[in-house]
Amino acid sequence: MDEQALRAFLSLAQTENTRDTGAELAVNQSNVSRALARLEASIGMPLFARHGKRLELNANGVAFRADAAAVLDAYESARRHAETIADAGRLLRIGFLHSLARWLVPDVVGTFRASQPDVRVTLRQGFSRDLQGWLALDAIDVALCTAPPATSGAQWMPLAEEPLCVAVPEWHPLAEHERVELAALQGEDFIGFSRITEMRPIISGILADAGVAVNVTFESSEIDTMRSLVAGGLGLSILPRTPGRSDPGVVYVPFDPPFARILGISWSESAQGATLARELVAALRAAHT
């Protein structure tokens, strides 16, 4: 049994024709027939019923199909694992918060590629706790996120600030204000962050410290969803203001006094890509001075 034979079998299960499978796999039709013959010989049973040029899975083939797909999946997983090991020293694995995909991530990746054009970069998005967990497990080399817990042992360098603003529908009375105090949110319908986000304790703490109670009508982990609900008039929210971004139907009013979310890069000195992580940090430090 070999990989080519399994690929031919799984394709034939779909096309039911050796010519079409040959075209799909970019091999000669005769190679497909020989691969199927090898496979049937190796397992000691026919897998298809023959109807002229058409092949149809028999009971054996139906039973074998799922296991064949699983074997090929294992092949692919092993290959990717081997490629990752082979790329050690030439691969940087970056994790990032969902909300940073549109602005901070492109800037960071662009800065790194300008200094290390021959290094591959892979990306993985998640929530703050996911990113710190992946760093600890050496599943990523750096994380673009808020500051990690002091107990994590991860390194940290701040990169940017996102002002926290009250997000209101454009028709709301607060939309006319240049600045707003937290007290103005008292009793308002409110779109909040879900418990799985790192923003939830930040916003809850700001409101609690100010003694402001809001009427939470919906909670979400997706900032784009929250913006849409605000624009639809379903409530106010406290959201980070993404630099250079405007959202139809939403007005962002800064607080007085101001609040901000600090964003940066976190990395582990013991990670597989620690050397590249340090080079990225150095490039970012140079770009921000």
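Which residues touch the most other members of the largest nonpolar core? In this predicted model, they are L100, L144, I265 and L280, and the core holds 31 residues. Several elements give two or more residues to this core. The helices among them are α5 (104-115), α6 (128-136) and α9 (274-287). The strands are β3 (91-97), β5 (142-145), β6 (155-169) and β10 (250-267). In soluble globular proteins, nonpolar side chains tend to be buried together.

L280 illustrates the packing. Leaving aside neighbours within four places in sequence, L280 is in contact with L92, V108, F112, V142 and I265. A second core is separate from the one around L280. This second core has 29 residues, including A167, V168, M199 and V212.

Helix α9 also meets helix α5. Two packed helices are described by the angle between their axes and the distance between the axes. The axes of α5 and α9 come within 9 Å and cross at roughly 105°. Helix α5 is therefore roughly perpendicular to α9. On the α5 side, the residues are V108, T111, F112 and S115. They meet L276, L280, A283, L284 and A287 of α9. By class, this contact has seven nonpolar residues, two polar residues and no charged residues.

The overall form was examined next. The protein has nine helices and 10 strands. Its radius of gyration is 27 Å, well over the 19 Å that the globule rule gives for 289 residues, so the protein is more spread out than a compact globule. The C-alpha atoms fill a box of roughly 80 × 45 × 30 Å along the principal axes. Of the 289 residues, 42% are buried. Among contacts between residues at least 6 apart in sequence, 73% join residues at least 24 apart.

The backbone has some local features of note. Most residues other than glycine have a negative phi, and most peptide bonds are trans. A cis peptide bond joins D256 and P257, with omega about 5°. P257 is placed in strand β10.

Positive phi values occur at E16 and at A26. Neither E16 nor A26 is a glycine. For E16, phi is about 60°. This residue lies in the loop between α1 (3-15) and α2 (18-25). E16 is partly exposed, with a relative accessible area of 24%. For A26, phi is also about 60°. The loop that holds A26 runs between α2 and α3 (29-43). A26 is exposed, with a relative accessible area of 71%.

Key. Residues are numbered from 1 along each chain as its sequence is written. This is a predicted model: local features need pLDDT of at least 70, side-chain atom pairs count only at pLDDT 80 or more; totals for chains, interfaces and linings use all residues. Side-chain values use heavy atoms; hydrogens and water are left out. A nonpolar core is a set of buried Ala, Val, Leu, Ile, Met, Phe, Trp, Tyr and Cys residues joined through side-chain atoms within 4.5 Å. Buried means under 20% relative accessible area, exposed over 50%, partly exposed in between (1.4 Å probe, protein chains only). Helices (H or I, at least four residues) and strands (E, at least two) are DSSP runs, numbered from the N terminus. Contact means heavy atoms within 4.5 Å. Axes are lines fitted to C-alpha atoms, for helices over the stretch in contact, and angles run from 0 to 180 degrees between N-to-C directions. Angles under 35 degrees count as roughly parallel, over 145 as roughly antiparallel, 65 to 115 as roughly perpendicular and the rest as oblique. Ala, Val, Leu, Ile, Met, Phe, Trp, Tyr, Cys and Pro count as nonpolar, Asp, Glu, Lys and Arg as charged, and the others, Gly among them, as polar. The radius of gyration is taken over C-alpha atoms; the globule rule is 2.2 Å times the number of residues to the power 0.38.
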